[in-house]
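I opened my notebook to go through this structure piece by piece. Here is what I looked up, entry by entry.

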Amino acid sequence: MATDITRRRAIKALGLAGATGLAGCSSGGDGTATSGDGGSGTDGSDSVRAAFVYNSEVGDQGWSWAHDQGRQAVAEEYDWLETAYTEAVAPADSRTVFEQYVQEDYDVVFGNTFGYMDTMVSVAEESPDTLFEHCSGYQTSENLGRYFGRMYQARYLAGIAAGMLTEANSLGYVAALPIAEVVRGINAFTLGARSVNPEATTKVRWTNTWYDPPTEQEAANALIDQGVDVMAQHQDSAAAVQAAADADIWATGYDAPMLEQGGDNYVTSPIWHWEEFYGPTLEAVHDGSWESDFYFDGLDSGVIGLSEWGPEVPDDVKSSVEETHSAIESGDADVWADSKFADADDATLFQDMGSYVEGVEGSVPE
């Protein structure tokens, strides 16, 4: 498959010879932007055109922001790469966007949200000459790969910090949608906390949305009213972190550094470095070695990590987290080792985790 696609791209390149790409990055009123020089690669081969489709606005932090940071990094790194993106695309509207990129002869299309999965599977089947990569889904095909990262490892590290910082032994978690990805994060955070503080428990409030700052703030305030003194979250905004700061309790963010919103109450944020996936993947597209697979790397790859520490986080907390970080990275520690998921394979961890570990209060909504 990869060889055939490379040949087709080479044929297309003959017709594109002499075309000039867009320099820099410009954004139109439809929320679409294009960047990269579109020229030949350093090895003299044709360029790669990569499209990124985001479910929310890029903004200055959050899930789509993190993906676009990765896009910008690879666009700057490779002179043979041309990138474009469309933001704020609801799953119900995604087919039109995917098909447009196919019609415009993009080589590979990345979709960054779970809700795109069924549509990407369908469009990929209809468009065998185009490669697709879907983030957080569980289906693949000959020209459709999928990717995520072991963010639960960074969640576990943030949980260690929370377990050491709490005085009430009560942690709060503002959760998005009740899918395996989010449940996995809640469980890992709780296991991390209880690894250093067996009395710590986690209270969860669900918002049923990835991005709704007022709802997120309301959920955080409800948890604060229940007596939690460390907050965690799984949404695109910093509303929960801001609510925690306003209540003078500790907070961990997600996706992006959130020191500005958390101030002295900020702990850290589990964050993504998507260029660690996008770079090698686009290199494989460029040299014709791309194959459909499931990317699910962790701390050792650099695709996930923690942001900088907040200014008031004690040194002993930092040291404990950094020690465990090294142990997980080297394979000497396993997040799930002492839990009900100790023997779970990656398929179970990734798509079938639907219950809580000990220490999380309540049950996962149906």
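**Entry: Asp316**

I looked up Asp316 and found it in helix 11, which covers residues 315–330. The model is a predicted one. How exposed is Asp316? Its relative accessibility is 47%, so I put it down as partly exposed. Then I checked a distance. The C-alpha atom of Asp316 is separated by 9.0 Å from that of Met164. Along the chain, Asp316 and Met164 are 152 residues apart.

**Entry: the whole chain**

I stepped back to the overall picture. I listed 12 helices and 14 strands in the chain. The chain has 366 residues, and 56% of them count as buried. I also looked at contacts with a separation of 6 or more. Of these, 67% are between residues 24 or more positions apart.

**Entry: strand 3**

Next I turned to strand 3, residues 48–53. Is strand 3 enclosed or open? Six of its six residues are buried, so the strand is largely enclosed by the rest of the structure. I noted a general rule here: side chains in a regular strand alternate between the two faces of the sheet. In strand 3, Val48, Ala50 and Phe52 point one way. Arg49, Ala51 and Val53 point the other way. Residues of both sets are buried.

I then looked for a partner. Strand 3 pairs with strand 4, residues 81–86, in the parallel sense. Six bridges link the two. I picked out one position: Ala51 faces Ala84 of strand 4.

**Entry: Ala88**

I went on to the loop between strand 4 and helix 3 (94–103), where Ala88 is found. Its phi is near 55 degrees. That is a positive value in a residue other than glycine, so I marked it. Ala88 has a relative accessible area of 44% and is partly exposed.

**Entry: strand 7**

I repeated the burial check on strand 7, residues 144–149. Six of the six residues are buried, so strand 7 too is largely enclosed by the rest of the structure. Leu144, Arg146 and Phe148 point one way. Gly145, Tyr147 and Gly149 point the other way.

Which strands pair with strand 7? One is strand 6, residues 131–135, which runs parallel to strand 7 and is joined to it by four bridges. His134 has Arg146 as its bridge partner there. Another is strand 13, residues 294–297, also parallel and also with four bridges. There I found Tyr147 bridged to Tyr295.

**Entry: the open sheet**

I traced an open sheet of four strands. Their order is 9-8-10-11, and the pairing is parallel. Which strands stand at the edges? They are strand 9 (201–206) and strand 11 (250–251). Each has a single partner strand, so one side of each is left without a neighbour in the sheet.

I followed one pairing in detail. Strand 10, residues 230–233, pairs with strand 11 over two bridges in the parallel sense. Val230 has Trp250 of strand 11 as its bridge partner.

Helices pack here too. Helix 8, residues 239–246, touches strand 8, strand 10 and strand 11. Its direction makes about 170 degrees with that of strand 10. Helix 5, residues 151–165, lies across strand 8 (170–175), strand 10 and strand 11. I noted about 165 degrees between helix 5 and strand 10.

**Entry: Asn208**

I looked at the loop between strand 9 and helix 7 (213–225) and found Asn208 in it. Its phi is near 60 degrees, again a positive value in a residue other than glycine. Is Asn208 buried or exposed? Its relative accessible area is 53%, so Asn208 is exposed.

**Entry: helix 6**

I checked helix 6, residues 180–196. From its first C-alpha to its last, its 17 residues reach 25 Å. That is close to the 24 Å expected at 1.5 Å a residue. I counted burial next: 14 of the 17 residues are buried, so helix 6 is largely enclosed by the rest of the structure.

**Entry: cavities**

Last, I searched the whole structure for enclosed space. How many cavities of 30 Å³ or more are there? I found two. The largest holds about 100 Å³ of space. Its lining includes Asn55, Trp63, Glu181, Trp210, His234 and Tyr254.

Notes. Residues are numbered from 1 along each chain as its sequence is written. This is a predicted model: local features need pLDDT of at least 70, side-chain atom pairs count only at pLDDT 80 or more; totals for chains, interfaces and linings use all residues. Side-chain values use heavy atoms; hydrogens and water are left out. Two strands pair if DSSP finds at least two bridges between them. Contact means heavy atoms within 4.5 Å. Axes are lines fitted to C-alpha atoms, for helices over the stretch in contact, and angles run from 0 to 180 degrees between N-to-C directions. The expected span of a helix is 1.5 Å times one less than its number of residues. Buried means under 20% relative accessible area, exposed over 50%, partly exposed in between (1.4 Å probe, protein chains only). On a 1 Å grid over the protein atoms alone, a cavity is a set of points where a 1.4 Å probe fits but cannot get out, and a pocket is an open set with protein on both sides within 12 Å along at least five of seven lines; lining residues have an atom within 4 Å of a point. Grid points are joined across faces, edges and corners, and a volume is the space filled by probe spheres set on the points.
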